[in-house]
Amino acid sequence: ALSSPPAVGRSATAVARRASQGRRLAAAPRRWMSESPKDGAGKAAAEAEGAAAEENMELPMTTREKIHAATSWTMTLGFIGACAVCITYTAYELWPSSTSPNAVFDTAFNEIRANQRIVQALGEPLSAYGMDHGGNKEGRRNFIQHREEKNEQDGSTRMKVRFNLKGSYCGAVVFAEASNKMDMKKGEWVYLVVQSKKTAEVWTLCDNRQNMLVQDDATRKFLQGGTK
């Protein structure tokens with residue numbers, strides 16, 4: 001009986017196997033080349049997000065913690081605002097402007113000390129001081145009672161001050177009003193009056209209120225006459 005030679009059968013099988021392996025190896029590069037750039041970018045973005053999540057070790061804030069943080073910021077801003085107000089007030093009190101409370105205080109006291117009649121009545125040495133803020137106790141304080149007003153007649157800015165004098169005999173109270181349209185250093189005041197605490201005697205160093213009223217009245221009449 002005729003039969004196929006064994007060597008020939010084994011050779012055909014080996015050839016078939018090699019052809020199958022070649023087809024698989026050829027298909028692998030085609031699959032790798034078939035991946036789009038978008039898929040690669042998506043994978044890179046996912047890897048970056050994962051790395052960022054690993055680096056961010058902070059726990060998410062609770063509602064209570066968020067409220068506490070907002071309250072802290074509000075308190076900080078409020079503190080900064082209060083400091084700004086205090087600085088502004090201090091600058092207003094101490095800045096040497098022409099009609100600041102301390103400028104009126106210093107100029108008035110210098111003029112009073114030059115008045116021998118008042119110095120002899122109160123006694124030397126003569127000192128000036130303000131009043132405790134918000135209280136009735138008088139003492140050597142920097143606070144000077146004052147009030148700033150806008151005069152409707154001449155449009156000037158007026159500064160009224162009140163402070164105290166102390167001499168070796170008795171004390172006194174000073175009432176002064178200055179205008180930004182007058183020169184205090186030349187003795188020009190709306191008024192400058194000293195009253196003894198012991199005898200209630202009044203010394204008037206300057207009082208231009210009546211003259212200013214007359215001038216304002218004359219100016220008003222002139223303007224009224226000019227409008228007729």
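**Burial, core and backbone in a predicted model**

Q: Is Cys-170 buried or exposed in this predicted model?
A: Cys-170 has a relative accessible area of 14%. The cut-off for buried is under 20%. Because 14% falls under that cut-off, Cys-170 counts as buried.

Q: Where does Cys-170 lie?
A: Cys-170 is a loop residue. Leaving out residues up to four places away in sequence, it touches Ala-121, Leu-122, Ser-196 and Lys-198. The loop that holds Cys-170 is the one between β3 and β4.

Q: How many Å apart in space are Cys-170 and Glu-124, C-alpha to C-alpha?
A: In sequence, 46 residues separate Cys-170 and Glu-124. In space, their C-alpha to C-alpha distance is 9.9 Å.

Q: Which peptide bond is cis, with omega near 0°?
A: Most peptide bonds are trans. One here is cis, and it leads into Pro-125. Pro-125 sits in the loop between α5 and β1 (127-129). The cis bond runs from Glu-124 to Pro-125.

Q: Which residue has a positive phi although it is not a glycine?
A: Most residues other than glycine have a negative phi. One residue in the loop between β5 and β6 has a phi of about 65°. Its relative accessible area is 46%, which makes it partly exposed. The residue is Ala-200.

Q: Which element gives the largest share of the largest nonpolar core?
A: This core has 26 residues, and Val-104, Ile-112, Leu-122, Phe-163, Leu-165, Trp-189 and Val-194 touch the most other members. Elements giving two or more residues are α4 (101-113), α5 (116-122), β3 (157-166), β4 (171-179), β5 (191-196) and β6 (202-207). The largest share is five residues, from α4.

Q: Which residues is Phe-163 in contact with, leaving aside neighbours within four places in sequence?
A: Phe-163 is among the core residues that touch the most other members. Its contacts beyond those neighbours are Phe-105, Ala-108, Phe-109, Ile-112, Ala-128, Tyr-129, Ile-144, Ala-172, Val-173 and Val-174.

Q: Is Phe-79 buried or exposed?
A: In soluble globular proteins, nonpolar side chains tend to be buried together. Phe-79, in helix α3 (residues 63-94), has a relative accessible area of 57%. The cut-off for exposed is over 50%. Because 57% is over that cut-off, Phe-79 is exposed.

Q: What accessible area do Leu-77, Phe-79 and Ile-80 have together?
A: Leu-77, Phe-79 and Ile-80 form a nonpolar patch on the surface. Their accessible area together is about 350 Å².

Terms used: Residues are numbered from 1 along each chain as its sequence is written. This is a predicted model: local features need pLDDT of at least 70, side-chain atom pairs count only at pLDDT 80 or more; totals for chains, interfaces and linings use all residues. Side-chain values use heavy atoms; hydrogens and water are left out. Patches are made of residues with over 30% relative accessible area and no salt bridge: like charges are joined within 9 Å, nonpolar side chains (Val, Leu, Ile, Met, Phe, Trp, Tyr) within 5 Å. Accessible areas come from the Shrake-Rupley method with a 1.4 Å probe; for residues, only the protein chains shown count as cover. A salt bridge is a side-chain nitrogen of Lys or Arg within 4 Å of a carboxyl oxygen of Asp or Glu. Helices (H or I, at least four residues) and strands (E, at least two) are DSSP runs, numbered from the N terminus. Buried means under 20% relative accessible area, exposed over 50%, partly exposed in between (1.4 Å probe, protein chains only). A nonpolar core is a set of buried Ala, Val, Leu, Ile, Met, Phe, Trp, Tyr and Cys residues joined through side-chain atoms within 4.5 Å. Contact means heavy atoms within 4.5 Å.
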